[in-house]
Amino acid sequence: MNGQYYANLLAQAREAVVQKRRGKLSRGVLFLQDNASVHTARVSRQALKDTGFSEIDHPPYSPDLAPSDYFLFSNLKKELRGRRFVDDNQMKMAVESHFEGIFFGRFEGVIHQM
């Protein structure tokens, strides 16, 4: 992938918006991309301006999900699936209990070794 290829993808995205979401361009399209070199290339920046999309700033060290979070949240989802909570506090306690179980169950040995 290079800047020109990405610029072509942006043009295709614009055409898809024109075809599938009539009137959306006139109301504005917000576009989020990270700071990858292909996104910051001059040709890519110009193509983004040409599409009429408004870019949302993405900080260089944004608090996006780390790969480890996919493990954490997928297991949390399995744990909470089908459960009903009376209030937010009960749900918060269930989430905290789940993460404490992971921490002590999986990392206790590592912590003791340290």
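The protein has an average pLDDT of 80, and 78% of the residues score at least 70. These scores belong to a predicted model. Confidence varies along the chain: the lowest mean, 74, falls in helix α2 (residues 24–27), whereas the highest, 89, falls in helix α4.

The overall architecture may be considered next. The secondary structure consists of 6 helices and 2 strands. Following the sequence from its beginning, the reader meets these elements in the order α-α-β-α-α-β-α-α.

One pair of helices deserves a detailed look. Helix α1 spans residues 3–20 and helix α4 spans residues 42–51; their axes come within 8 Å and cross at roughly 10°. Because angles under 35 degrees count as roughly parallel, α1 is described as roughly parallel to α4. On the side of α1, the contact is made by Gly3, Gln4, Tyr6, Ala7, Leu10 and Arg14. On the side of α4, Val43, Ser44, Ala47, Leu48, Asp50 and Thr51 take part. By chemical character, the residues of this contact divide into 6 nonpolar, 4 polar and 2 charged.

The view can now be widened to the protein as a whole. Among contacts with a separation of 6 or more, 57% link residues 24 or more positions apart. Of the 114 residues in the protein, 19% are buried. The protein exposes a surface of about 9100 Å², and carbon and sulfur atoms supply 55% of that area.

Methods: Residues are numbered from 1 along each chain as its sequence is written. This is a predicted model: local features need pLDDT of at least 70, side-chain atom pairs count only at pLDDT 80 or more; totals for chains, interfaces and linings use all residues. Side-chain values use heavy atoms; hydrogens and water are left out. Axes are lines fitted to C-alpha atoms, for helices over the stretch in contact, and angles run from 0 to 180 degrees between N-to-C directions. Helices (H or I, at least four residues) and strands (E, at least two) are DSSP runs, numbered from the N terminus. Angles under 35 degrees count as roughly parallel, over 145 as roughly antiparallel, 65 to 115 as roughly perpendicular and the rest as oblique. Contact means heavy atoms within 4.5 Å. Ala, Val, Leu, Ile, Met, Phe, Trp, Tyr, Cys and Pro count as nonpolar, Asp, Glu, Lys and Arg as charged, and the others, Gly among them, as polar. Buried means under 20% relative accessible area, exposed over 50%, partly exposed in between (1.4 Å probe, protein chains only). Accessible areas come from the Shrake-Rupley method with a 1.4 Å probe; for residues, only the protein chains shown count as cover. pLDDT is the predictor's confidence in each residue, from 0 to 100.
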